[in-house]
Amino acid sequence: METKHTPGPWHVYEAAPEGCREIRGSARKVALAVTVGLADDAKDAANARLIAAAPELLAALADCIDVLTEPGMMDVDEWKTWKKRAESAGRAAIAKAEGRS
């Protein structure tokens with residue numbers, strides 16, 4: 001899938017001042033997650049993980065759309081393999097966003 005955004009994977013890094021988190025791609029900073037107002041470290045960390053998982057979530061969603069809209073040009077075994085790959089990518093992206101990977 002060709003995209004215009006910084007290619008993934010993206011990762012979260014603690015940054016200064018305390019409570020800030022950088023989201024970085026392979027060659028550059030993509031975003032800075034900063035708390036405005038009352039800090040909630042658990043929510044702030046979850047928000048940063050969700051941002052960092054964006055490239056994988058986008059790719060997994062694109063795979064799912066491909067699987068759902070394939071006009072039937074492949075045999076059943078090929079479709080099952082494609083479906084399994086899309087499901088695996090989706091589950092991995094969700095796990096990353098939720099901090100389970």
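The expected span of a helix is 1.5 Å times one less than its number of residues. Helices (H or I, at least four residues) and strands (E, at least two) are DSSP runs, numbered from the N terminus.

Before you start: this is a predicted model, where local features need pLDDT of at least 70, side-chain atom pairs count only at pLDDT 80 or more, and totals for chains, interfaces and linings use all residues. Residues are numbered from 1 along each chain as its sequence is written, and side-chain values use heavy atoms, with hydrogens and water left out.

**Exercise 1. Check the span of α3, then list its buried residues.**

Step 1. Count along α3: it has 22 residues.
Step 2. Go from its first C-alpha to its last, and you get 31 Å, close to the 32 Å expected at 1.5 Å a residue.
Step 3. Now look for burial (under 20% relative accessible area; exposed is over 50%, partly exposed in between, with a 1.4 Å probe and protein chains only). In α3, the buried residues are Trp82, Ala86, Gly90, Ala93, Ala95, Lys96 and Ala97.
Step 4. Look at what lies over them: the cover includes α1 (41-52) and α2.

**Exercise 2. Describe how α2 packs with α3.**

Step 1. Two packed helices are described by the angle between their axes and the distance between the axes. Axes are lines fitted to C-alpha atoms, for helices over the stretch in contact, and angles run from 0 to 180 degrees between N-to-C directions.
Step 2. For α2 (residues 54-69) and α3 (residues 76-97), the angle is about 155 degrees and the axes are 8 Å apart.
Step 3. That makes α2 roughly antiparallel to α3. The cut-offs: under 35 degrees is roughly parallel, over 145 roughly antiparallel, 65 to 115 roughly perpendicular, and the rest oblique.
Step 4. Find the contacts (heavy atoms within 4.5 Å). On the α2 side they include Leu57, Ala60 and Cys64, and on the α3 side Trp79, Trp82 and Ala86 are among them.
Step 5. Sort by class: the contact has 11 nonpolar, one polar and six charged residues. Here Ala, Val, Leu, Ile, Met, Phe, Trp, Tyr, Cys and Pro count as nonpolar, Asp, Glu, Lys and Arg as charged, and the others, Gly among them, as polar.

**Exercise 3. Do the same for α1 and α2.**

Step 1. The angle between α1 and α2 is about 50 degrees, with the axes 5 Å apart.
Step 2. That makes α1 oblique to α2.
Step 3. Leu50, Ile51 and Ala52 from α1 touch Ala54, Pro55, Glu56 and Leu57 from α2.
Step 4. By class, this contact has six nonpolar, no polar and one charged residues.

**Exercise 4. Are threonine 3 and threonine 6 buried, partly exposed or exposed?**

Step 1. Locate them: threonine 3 is in the segment before β1, and so is threonine 6.
Step 2. Threonine 3 has a relative accessible area of 32%, so it is partly exposed.
Step 3. Threonine 6 is at 15% relative accessibility, so it counts as buried.
Step 4. Check the company of threonine 6: not counting residues up to four places away in sequence, it touches Gly25, Arg28 and Val30.

**Exercise 5. Which peptide bond is cis?**

Step 1. Recall the background: most peptide bonds are trans.
Step 2. Go to the bond from glycine 8 to proline 9, which is cis, with omega near 0 degrees.
Step 3. Place proline 9 on the chain: it lies in the segment before β1 (11-15).
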